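Subject: Structure handover

Hi,

Here is the structure I promised to pass on. Have a look at it first, and then read my notes underneath.

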Amino acid sequence: MGDLKHKDESWDFRSADTKEYTHCFHTYPAMMIPQIARRLLNEYGCEGEWLLDPYCGTGTSLVEASLFGMHSVGCDINPLVRLIATAKVTPISLKALDSEVNRLNDAFFDIEFGTTTIPDVPIPDVPNLDYWFSDEVKKFLAYLLYQINKVEDEPIRNFMKVAYSETVREVSYTRTSTFKLHRMPSEKLENFNPDVFGIYHKKINRNRQGLIAYLEKRKDVEATICHANTVAGELPIPRPLGGYNLVITSPPYGDSQTTVAYGQFSRLSAEWIGLNNARKVDRIAMGGQPSKSIFEDSPVTTAIEKIQTIDEKRSRDVSAFYNDLGHSIDTVAKMLSPRSTICYVVGNRRVKDVLLPTDEFVVHAFGKHGFSHKETIVRNIPNKRMPKKNSPSNVAGQTSSTMNEENIVICQRTD
Ligand SMILES: C[S@@+](CC[C@H](N)C(=O)[O-])C[C@H]1O[C@@H](n2cnc3c(N)ncnc32)[C@H](O)[C@@H]1O
């Protein structure tokens with residue numbers, strides 16, 4: 001890669017506000033910061049053209065595309081983030097929203113003041129609910145959901161469900177220090193008595209402020225979120241004439257089953273809301289199914305062979321991920337215009353202490369589709385929400401900081 005790869009601290013955005021506009025709506029593992037998408041759009045975007053984010057998560061680049069003036073399409077296999085991304089890009093009437101919020105406040109007024117009890121409504125049939133929620137919290141959550149589901153306008157209902165989803169996580173017995181589902185220690189459980197409606201109310205107000213800022217700045221463009229597994233050949237998504245012009249995305253790291261567990265993070269909320277396949281996300285995610293063979297002829301092959309000498313099974317897991325990422329890039333490349341630019345934000349993780357050059361893999365994979373490497377910007381990650389330390393060798397007590405940097409890989413297709 002030579003000179004094309006360079007460190008540039010102006011991409012760190014150390015003190016930037018990453019929660020402006022609708023970016024404040026909901027946390028998620030390994031979110032992209034909006035400033036990266038914004039700067040890339042300013043450099044490579046063109047108003048009225050089309051942006052694709054094949055692994056859109058909560059829709060960071062789609063929101064930025066709408067603010068910039070590009071049409072956008074995002075894909076993800078996780079139903080919860082499709083809901084969040086949809087709510088973040090969809091304009092809604094503030095007047096209609098306020099009227100629904102007031103109705104909800106009225107429904108909870110007497111309950112909050114203790115003058116009446118929570119009406120009994122059916123509690124969703126979710127496995128292990130008692131393990132994650134107290135009886136009181138379950139009743140509140142069920143009643144809140146019952147009230148939200150009364151909202152007829154779908155975009156407003158989605159907006160309210162997003163605040164609900166974050167509330168579910170916060171009022172559950174889950175530890176907040178990890179994205180994985182771990183129950184808090186028993187001594188904490190006894191005194192854990194969250195104010196469900198108060199938490200929800202705060203989130204609604206915060207998100208409403210973000211929405212106002214977004215509505216003031218967004219351009220009149222389309223933004224669509226699709227249920228699509230980008231590994232699986234054809235994408236069931238809109239096909240703009242001439243193809244997509246720009247990709248700004250951050251693919252998964254390849255450790256969805258272990259460290260950055262998108263599915264585990266989303267599961268409780270998704271199950272309360274009634275979203276399908278909530279439990280399957282980490283298995284369907286890239287690298288979720290072990291591979292039978294070692295990935296050959298690529299910039300990651302040497303590293304995978306090294307891992308194989310230490311741990312055969314891990315080498316197959318890693319192979320499976322790059323296999324999927326390669327297929328996914330083939331699918332994405334088919335959708336892109338002859339003069340398109342791709343920007344992939346990737347971390348080079350370590351497995352068994354062996355560094356995997358995912359940035360080089362991306363350059364190589366797009367190279368097969370007529371893309372030339374323009375540059376790879378290496379940035380420090382001061383504020384991305386993900387585990388900074390992991391145990392790459394999986395030996396207890398042995399940790400190393402693997403995720404303190406990430407690479408913004410930029411390639412361009414020329415005729
Ligand atoms: C790093 S996250 C994206 C975060 C996003 N940029 C944001 O700011 O919220 C990667 C996403 O890829 C999704 N994903 C994993 N495998 C996928 C696949 N085969 N097709 C589409 N999306 C996939 C995960 O569900 C996850 O939401």
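Below is what I found, from the whole chain down to single residues.

First, a caveat: this is a predicted model, so please read everything here in that light.

**The chain as a whole**

The chain carries 14 helices and 12 strands. For 415 residues, a compact globule would be expected to have a radius of gyration near 22 Å, and the chain agrees with that at 22 Å. Along the principal axes, the C-alpha atoms fill a box of roughly 70 × 50 × 40 Å. Burial comes to 57% of the 415 residues. If you take the contacts between residues at least 6 apart in sequence, 76% of them join residues at least 24 apart.

On the surface side, the chain exposes about 17,700 Å², with carbon and sulfur atoms supplying 47% of that. As for charge, there are 50 positive and 52 negative side chains, and the centres of the two sets lie 2 Å apart.

**Salt bridges**

I count 20 salt bridges in the structure. Here are some that you may want to look at.

Lys 139 and Asp 120 pair up through their side chains, at 3.6 Å from N to O. Lys 139 sits in helix H6 (residues 135-148) and Asp 120 in the loop between helix H4 (94-112) and helix H5 (129-132), so this bridge ties together parts that are 19 residues apart in sequence. Asp 120 counts as exposed because its relative accessibility is 68%, while Lys 139, at 33% relative accessible area, is partly exposed.

Glu 271 bridges to Arg 279, and their closest N and O atoms are 2.6 Å apart. Is Glu 271 buried or exposed? Its relative accessible area is 13%, so Glu 271 is buried. Arg 279 has 38% relative accessibility and therefore counts as partly exposed.

Then there is a pair within one helix: Asp 317 and Lys 313 form a salt bridge at 3.0 Å, N to O. Both are in helix H13 (residues 312-334), 4 residues apart, which is about one turn of the helix. Asp 317 is buried, with a relative accessible area of 19%; the cut-off for buried is under 20%. Its partner Lys 313 counts as exposed at 56% relative accessibility.

Salt bridges with shared partners also link Glu 166, Glu 170, Lys 203 and Arg 206 into one network. Within that network, Lys 203 belongs to helix H9 (residues 196-217). Lys 203 is a buried lysine, since its relative accessible area is 8%. Leaving out residues up to four places away in sequence, Lys 203 touches Ala 163, Glu 166, Thr 167 and Glu 170.

**Backbone oddities**

Which residues have a positive phi although they are not glycines? Asn 128 is one of them, with a phi of about 65°, and Lys 352 is another, with about 55°. Asn 128 is placed in the loop between H4 and H5, and Asn 128 is exposed, with a relative accessible area of 51%. Lys 352 falls in the loop between strand S7 (350-351) and strand S8 (354-355). With a relative accessible area of 14%, Lys 352 is buried.

That's all from me for now.

Cheers

How values were computed:
Residues are numbered from 1 along each chain as its sequence is written. This is a predicted model: local features need pLDDT of at least 70, side-chain atom pairs count only at pLDDT 80 or more; totals for chains, interfaces and linings use all residues. Side-chain values use heavy atoms; hydrogens and water are left out. Helices (H or I, at least four residues) and strands (E, at least two) are DSSP runs, numbered from the N terminus. The radius of gyration is taken over C-alpha atoms; the globule rule is 2.2 Å times the number of residues to the power 0.38. Buried means under 20% relative accessible area, exposed over 50%, partly exposed in between (1.4 Å probe, protein chains only). Contact means heavy atoms within 4.5 Å. Accessible areas come from the Shrake-Rupley method with a 1.4 Å probe; for residues, only the protein chains shown count as cover. Lys and Arg count as positive and Asp and Glu as negative; His and the chain ends are not counted. The place of a charge is taken as NZ of Lys, CZ of Arg, CG of Asp or CD of Glu. A salt bridge is a side-chain nitrogen of Lys or Arg within 4 Å of a carboxyl oxygen of Asp or Glu.
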